[in-house]
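Please walk me through this structure, starting from one helix and moving on to the charged pairs and the surface.

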Amino acid sequence: MASGLGIALFSSAVFGVSGSFAKALLETGWTPGAAVTGRLTGAALILAVPAIPALRGRWHQLKDNWLTILLFGVIGVAACQLFYFNAVARLSVGVALLLEYLAPVIIVLWLWAASRKRPRPLTIAGTLLSLGGLVLVLDLTGAVKIDLIGVLWGIAAAVCLAIYFFITAKENDTLPPIVLASGGLMVGAVVMWLAAATGLVPMSFGTADTRLGPWITPWWVALGGLVVLATVLAYVSGIVAARALGSKVASFVSLTEVLFAVIWAWLLLGELPGTIQLLGGLLIVGGVVLVRLDELRAAPLPAPLDHANDVEPVP
């Protein structure tokens, strides 16, 4: 449990740095689509190395799970990342990620509307707390005005994340997690290249140096960090943590990604949300914690194997 918790925290830390690396590229002229495409392509090629042996020649597993891989790649990978990076281009990294983490609240509201069954009091409290935090994060009366388009991109990323959770809610023991991760990244990369070829997504790369904290680095340093640290290592460590802790506990620990993202943005970009926004962020995270605590309390006791086969989407 202790080692699994450490690996889960490491996974959150490297996931959280993605926004900082991406913004460093965006500030030199890269478009969000180019950053997402470079990230997905590089990570898919690297993860294919361990994914192919993991199949052990059972290629029928890909055919049997093609729809899961397709939806995971299109929604949980390509769309979610593209919308998040578009939000990062207009907002601070911390605010963009906080908006994306409204996904559990969206799920609660959708289930409430679809089933017309009132959630339990703890879930309602968590939802209201997160919505109140959203108002503070937007800081509508503050001196620094929030970009409305950026907010919409962040909420769109949250919707994609919520859809992803619905897609992967069904346990699946027929596909190794590393294969799902690699396949989803490959699908996402293909989707982004096709979108660029058809002109749907602007694609502009650059070779100008990037600034990361006090250092001026070549462009490939930021891209390499985005691919290797924030994607490959993040996925692999996330899978190991889920296997050690179980999917529910691991997803709970993943909430620390918001904290790590704010710290990385402060260290590497000099960004720090205002006091009101930080308070709003705490309320959003606190609300999500209440919702997940309510889920854990209401869920039946897990089987000896927790079926931690789902892969968290890359923000």
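**One helix, two salt bridges and a patch**

Within helix H7, the residues Ala 103, Pro 104, Val 105, Ile 107 and Val 108 are buried. The model is a predicted one. H7 covers residues 103-115, 13 residues in total, and spans 18 Å from its first C-alpha to its last, close to the 18 Å expected at 1.5 Å a residue. Just after H7 comes Arg 116, whose phi is positive, at about 55 degrees.

H7 is part of a protein with 14 helices and two strands. Of the 315 residues in the protein, 51% are buried. Contacts can also be sorted by separation along the chain: among those between residues at least 6 apart in sequence, 88% join residues at least 24 apart.

Next come the charged pairs. Side chains of opposite charge can pair when their charged atoms come close. The structure has two salt bridges. One of them joins Lys 23 to Glu 271, with 2.8 Å between the closest N and O atoms. This pair links distant parts of the chain, 248 residues apart: Lys 23 belongs to helix H2 (residues 18-26), while Glu 271 sits in the loop between helix H13 (256-269) and helix H14 (275-298). Are these two residues buried or exposed? Lys 23 has a relative accessible area of 10%, so it counts as buried. Glu 271 is buried as well, because its relative accessibility is 14%, and buried means under 20%.

A salt bridge also forms between the side chains of Arg 90 and Asp 147, at 3.2 Å from N to O. Arg 90 lies in helix H5 (residues 66-90) and Asp 147 in the loop between helix H8 (121-138) and helix H9 (148-167), so this salt bridge ties together parts that are 57 residues apart in sequence. Arg 90 is partly exposed, with a relative accessibility of 44%. Asp 147, at 26% relative accessibility, is partly exposed too.

The surface is the last stop. The protein exposes about 14,700 Å², and carbon and sulfur atoms supply 72% of that area. A nonpolar patch of about 480 Å² is formed on the surface by Leu 148, Ile 149, Leu 152, Ile 155, Val 159 and Ile 163. Ile 155, one of the patch residues, is found in helix H9. Its relative accessible area is 33%, so Ile 155 counts as partly exposed. An α-helix has 3.6 residues a turn, so residues three or four places apart point the same way.

Methods:
Residues are numbered from 1 along each chain as its sequence is written. This is a predicted model: local features need pLDDT of at least 70, side-chain atom pairs count only at pLDDT 80 or more; totals for chains, interfaces and linings use all residues. Side-chain values use heavy atoms; hydrogens and water are left out. Helices (H or I, at least four residues) and strands (E, at least two) are DSSP runs, numbered from the N terminus. The expected span of a helix is 1.5 Å times one less than its number of residues. Buried means under 20% relative accessible area, exposed over 50%, partly exposed in between (1.4 Å probe, protein chains only). A salt bridge is a side-chain nitrogen of Lys or Arg within 4 Å of a carboxyl oxygen of Asp or Glu. Patches are made of residues with over 30% relative accessible area and no salt bridge: like charges are joined within 9 Å, nonpolar side chains (Val, Leu, Ile, Met, Phe, Trp, Tyr) within 5 Å. Accessible areas come from the Shrake-Rupley method with a 1.4 Å probe; for residues, only the protein chains shown count as cover. Contact means heavy atoms within 4.5 Å.
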